[in-house]
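Work through the exercises below with the model open beside you. Each one sets a task and then reasons through to a solution.

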Amino acid sequence: MQLDGPDFLAPAKLNLFLHVIGRRADGYHLLQSAFTLIDHADRLRFRIRDDGAIHRVNAVAGVPEEEDLAIRAARLLQASSGTGLGADIELEKRIPMGGGLGGGSSDAATVLLALDRLWGTNLGRPRLRELGAQLGADIPFFIFGRAAWVEGVGDVLRPLEVPPRWYVVLVPPTLVPTPEIFRAPELTRNTEALKIEDFSARLAGQKLRNDLQPVVLSRYPEVRRHLEWLASQGEARMTGSGGCVFAGYDSREQAERALAARPASMQGFVARGIEQHPLGAE
Ligand SMILES: C[C@@](CO)(OP(=O)(O)O)[C@H](O)COP(=O)(O)OP(=O)(O)OC[C@H]1O[C@@H](n2ccc(N)nc2=O)[C@H](O)[C@@H]1O
Ligand SMILES: Nc1ncnc2c1ncn2[C@@H]1O[C@H](COP(=O)(O)OP(=O)(O)O)[C@@H](O)[C@H]1O
C-alpha cells in the first residue's frame with residue numbers, strides 16, 4: 001500500500017437468511033435477516049490533511065472516486081461534524097463487488113469509524129449509524145459491529161448469537177444489481193414475519209431461505225450453476241441480493257475440502273465467521 005500507518009479492516013458479511021415481509025410506501029422493502037461478519041476484508045489507510053480536501057489516492061476498478069462509498073462517507077462525516085480536516089484515503093479491495101457481501105457498505109462504515117477517531121470528531125456509534133443509513137441500507141450493521149438480527153430496511157438491529165462456523169463463498173462472474181432484484185414483479189414480498197426466538201430453532205434444524213434467491217437464479221444462470229454445485233457440498237444459499245453463494249461448515253478443514261473440490265471454472269474462498277468487527281462493536 002502507498003500510505004503509511006495502520007490498516008483499518010472492512011470485513012464482509014453474509015446474510016444467513018433473508019425474508020421480504022413487506023414494502024413501504026416509498027418502495028423500500030421491509031426485511032428480516034440474520035447478518036454475520038466474516039474475516040474476508042478490504043483494507044483502508046488514512047493520511048489526515050489540514051486543508052479539508054478528501055481524496056482517494058489509488059484507482060479502484062469499476063468505482064470512480066466520486067461514487068465510492070468510502071469517499072462519500074468521509075464527505076458526509078466532514079459536513080455533519082463541521083471539522084476543517086480532510087483525508088487521503090487508500091482502499092485495497094479484496095471483497096468481490098456487487099456480490100451481496102456488503103463490501104462498499106463495509107468500506108463506508110470503516111471510514112466513518114476510523115475518521116471519527118482520527119479527526120477527533122467523536123460523534124460516536126449511534127450518530128455514525130444514522131449517517132451511514134443515509135448512504136446505504138447495510139452500513140448501520142457494520143457500525144453495530146457484531147452478528148445481528150436485522151429488521152426494517154436494515155435499520156433495526158439486535159445482537160444475535162451465531163454458532164462459530166467456517167464458510168465457503170463462491171463468486172460467480174456476475175454482478176447482480178440490487179435495485180433490479182427488488183423491482184422484480186415475481187419477488188415474494190409477503191413472507192410471514194419470524195420472531196428472533198424462532199430463528200435459533202430454525203438455525204439448529206430447519207432450512208432457511210433467501211427470498212431474493214429465486215429471482216436471481218431465474219435471471220442469472222451462472223449464479224444458479226454455482227449454487228447448484230455448492231449444494232452438492234452442503235446447505236448452500238445466496239447472500240443478500242447475490243450473486244455470491246455460501247455454505248457453512250463446523251471446521252476449516254471441511255470448508256477447505258469442499259472449496260478444493262470445485263470445478264476449475266469456479267472462483268471462491270474460505271472465510272471464518274467473526275464475533276466482532278475489528279474496529280469494535282456496540
Ligand atoms: C438486500 C441487501 C441485504 O444485505 O442486499 P446486498 O446489497 O447486501 O446484496 C441490502 O439490504 C441492500 O443494501 P444496499 O446494497 O446498501 O442497498 P441500497 O443501496 O440501500 O439500495 C439499493 C436499492 O435496493 C432497493 N432496496 C434496498 C433495500 C431495501 N430494504 N429495500 C429495497 O427495495 C431500493 O430500490 C434501493 O434503491
Ligand atoms: N467502496 C466500494 N466498494 C465496492 N463497491 C462500491 C464502493 N463504492 C461504491 N460501490 C458501488 O456499489 C456497488 C455494489 O457494491 P458492493 O457493496 O460491493 O456489493 P453489494 O451491495 O452487492 O454487497 C458496486 O457495483 C459499485 O458500483
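**Exercise 1.** Determine where ligand 2 lies with respect to domain 1 (8–159) and domain 2 (166–274), and describe the shell around ligand 2.

*Solution.* In this predicted model, residues of both domain 1 (8–159) and domain 2 (166–274) enter the shell around ligand 2, so ligand 2 lies between the two domains. Next, consider which residues approach it: 18 residues surround ligand 2, and those that come nearest are L69, M97, G98, G103 and G104. Turning to secondary structure, helix 1 (69–81) and helix 2 (103–118) each contribute at least two residues to this shell, and the largest share, four residues, is that of helix 2. Sorted by class, the shell around ligand 2 comprises five nonpolar, 10 polar and three charged residues.

**Exercise 2.** Carry out the analysis for ligand 1, identifying the elements and domains that supply its shell.

*Solution.* Begin with the residues themselves: there are 17 around ligand 1, of which H29, G136, A137, G240 and S241 come nearest. Strand 2 (29–49) and helix 5 (178–183) each supply at least two shell residues, with helix 5 providing the largest share, namely three residues. At the level of domains, domain 1 (8–159) and domain 2 (166–274) each give at least three residues to the shell around ligand 1. The class composition is six nonpolar, 10 polar and one charged.

**Exercise 3.** Decide whether strand 7 is enclosed or open, and identify the strands with which it pairs.

*Solution.* Five of the five residues of strand 7 are buried, and strand 7 is therefore largely enclosed by the rest of the structure. The burial applies to both faces, since W166, V168 and L170 point one way while Y167 and V169 point the other, and all are buried. As for pairing, strand 7 runs antiparallel to strand 9, to which five bridges join it, and Y167 has G248 of strand 9 as its bridge partner. Strand 7 also pairs with strand 10 (residues 268–274), again in the antiparallel sense and over five bridges; here V169 is partnered with F269 of strand 10.

**Exercise 4.** Work out which residues of helix 8 (residues 221–231) are buried, how they are arranged around the axis, and what covers them.

*Solution.* The buried residues of helix 8 are V223, H226, L227 and L230. Because they span an arc of only 95° around the axis, these residues lie on the same side of helix 8. P221 and E228, on the other side of helix 8, are exposed. The cover over the buried residues includes strand 7 (166–170), helix 7 (213–219), strand 8 (236–238) and strand 9 (245–249).

How values were computed. Residues are numbered from 1 along each chain as its sequence is written. Chains are lettered from A and ligands numbered from 1 in the order in which they are written. This is a predicted model: local features need pLDDT of at least 70, side-chain atom pairs count only at pLDDT 80 or more; totals for chains, interfaces and linings use all residues. A residue is buried if 20 or more other C-beta atoms lie within 10 Å of its own, exposed if 12 or fewer, and partly exposed in between; C-beta atoms are placed from the backbone. The arc is that of the directions from the helix axis to the C-beta atoms. Two residues are in contact if their C-beta atoms, placed from the backbone, lie within 7 Å. A residue is near a molecule or strand if its C-beta atom, placed from the backbone, lies within 6 Å of it. Ala, Val, Leu, Ile, Met, Phe, Trp, Tyr, Cys and Pro count as nonpolar, Asp, Glu, Lys and Arg as charged, and the others, Gly among them, as polar. Domain bounds come from an automatic or database domain assignment. Two strands pair if DSSP finds at least two bridges between them.
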